[in-house]
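Morning, everyone. I have one structure to show today, so let's get it on the screen.

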2 protein chains.
Amino acid sequence: METRSVFFVSDGTGITAETFGNAILQQFDITFKTHCHPFVDTVDKAYQVAAQINRTFEIEKISPIVFTTLVDENILQVLKENSQGFFLDMVNTFVTPLEQKLGMKSSRKIGRFSDITKSPQYHHRIEAIDYTLVHDDGQTNTNLSQADVILVGISRTGKTPTSLYLAMQHSLKVANYPLVPEDFAKCTLPSVLIPLQKKLFGLTIDPQRLCEIRNERFANTHYASIKNCCYEIEQAESMMRLANIHYLSTTHKSIEEIATTILQTLNLKGSDQ
Amino acid sequence: METRSVFFVSDGTGITAETFGNAILQQFDITFKTHCHPFVDTVDKAYQVAAQINRTFEIEKISPIVFTTLVDENILQVLKENSQGFFLDMVNTFVTPLEQKLGMKSSRKIGRFSDITKSPQYHHRIEAIDYTLVHDDGQTNTNLSQADVILVGISRTGKTPTSLYLAMQHSLKVANYPLVPEDFAKCTLPSVLIPLQKKLFGLTIDPQRLCEIRNERFANTHYASIKNCCYEIEQAESMMRLANIHYLSTTHKSIEEIATTILQTLNLKGSDQ
């Protein structure tokens, strides 16, 4: 299969641009070799990156694809004029038509968020991560009512990664609470959760998939057996239906898809970063 | 200040597009009111979103800005032809020139990753998150040599959020290890870390900022006092210099900036999702 070199050049971390650029590239049946150049915030650094693009061009005899998120026009110009890249400008492509539509110039500021750590949003995000860690896996019931969401489900349905993702990306305080055989015996949700019903969201999974996941670490145990997996899932789903809480199957869903579905269903919108 | 409505319409979660779109919008001194419409993967849903855009237009008497990441051209067309939005097409804007440059058509597939949970990359990511949680705050030394990075630093320098971010976003196995007064007394890094020197990265912080952070939860304690903060930072930095490990100050840096700097410095490149 053909391989093409791709550069991501940003004046910040470039993480979002890189993730977004990779999503674009994945529409093509080519293997891409990516090179990331974050923090390119001076003309000097632009010359250095230009030199690397040119070295790649000389070796491969074909223009590397260059995704840029450079706000400073001088830096972008130096890079463009001194290298053999095929440029896709992720900032100006949208900023220019928006400037026209909004009838105003954009700020063109690099590092608009250089003081991000002092912003209330950032503080809120760190608090959400702290809260979520402390409230992982039913570790504590303290301040449970402060949670924005409480995930429930049997072991290995994806509660922990989803909780951390919601905290990290959406600044939500998330608790997660395991459903265990003792709850099934009582046929009811853990009593501490009952007054918080509106915040609850359940995760479930296909028995076969659960059995595979549990066998990775606990092969040939009762816990990982298909019989027990079927039993736990059936009990948990019946309990969630009875308690009238929303739930979804995580079997074929990424963390991002689970998180987005939860936000949509509970009509929650975390703070944007 | 002026306010404009913005719609993000995606056939997937739209998370990346939304984050990237917000970064573009932040270049303008306007308050934007954003509406997210994930999972718009049928023509029917496109008509529903078009109706919502039109309702907003009728109320505000000005075209809402619509960022789209719709791969299916029919769905995009229905949305465009039936609504009063000002469209910024985040897929075709880059896919079209890339198709020309690469001399091939893109796959235009929605949900290319519908089976993502079965991919080795996804499995690796979940493993990294599990590893990182278990190895948070020096909880265990088991399998410490399997870590891709080991963060060290005194309490409240940002080790935990940075570790989780590196695991979540870059699928790296990250351990983090607190430096405590007992280590300072011995004037050496915890002995278990010494053979793993190449994986170590230190986090430090300004004393004043540390004092503020610690006082939020432990006001008027020795732990949070400026004198103790100064002492711990001085000891930790001197230990990190002596051990010849890279370190950075997290005082003015976001989690993303810290993570990117670590990747650059240790020349690590996590798996892309």
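I'll go through the interface between the two chains, then the symmetry.

First, a caveat: this is a predicted model.

Start with the contact count. On chain A, 83 residues are in contact with chain B, and 83 residues of chain B take part in return. How much area is buried between chain A and chain B? About 7200 Å². Carbon and sulfur atoms give 65% of that area. Look at Q27(A), F28(A) and F94(A) on the screen. Together they supply 10% of what chain A buries against chain B, and no other three residues supply more.

Now the polar side. Between chain A and chain B there are six salt bridges. One of them joins the side chains of D130(A) and R217(B), with N to O at 3.0 Å. Polar contacts come to 14 residue pairs across the interface, counting pairs with both residues at pLDDT 80 or more. And the make-up of the chain A side that touches chain B? The residues there split into 34 nonpolar, 25 polar and 24 charged.

On to symmetry. Which operation lays chain A on chain B? A turn of 180°, with a shift of 0.0 Å along the axis. The RMSD is 0.0 Å. That is the relation of a two-fold axis. Both copies use the same surface: 100% of the contact residues of chain A recur in chain B. To find the axis by eye, go to T16(A). Of the residues of chain A, T16(A) comes closest to the rotation axis, with its C-alpha at 3.3 Å.

That's my part. Over to you.

Conventions: Residues are numbered from 1 along each chain as its sequence is written. Chains are lettered from A and ligands numbered from 1 in the order in which they are written. This is a predicted model: local features need pLDDT of at least 70, side-chain atom pairs count only at pLDDT 80 or more; totals for chains, interfaces and linings use all residues. Side-chain values use heavy atoms; hydrogens and water are left out. Contact means heavy atoms within 4.5 Å. Buried area is the accessible area (1.4 Å probe) that two parts lose on being put together, summed over both. A salt bridge is a side-chain nitrogen of Lys or Arg within 4 Å of a carboxyl oxygen of Asp or Glu. A polar contact is a pair of N or O atoms within 3.5 Å; within protein, one must be able to donate a hydrogen and the other to accept it, and residues adjacent in sequence count only if both atoms are side-chain atoms. Ala, Val, Leu, Ile, Met, Phe, Trp, Tyr, Cys and Pro count as nonpolar, Asp, Glu, Lys and Arg as charged, and the others, Gly among them, as polar. Copies are superposed by least squares on the C-alpha atoms of residues with pLDDT of at least 70 in both.
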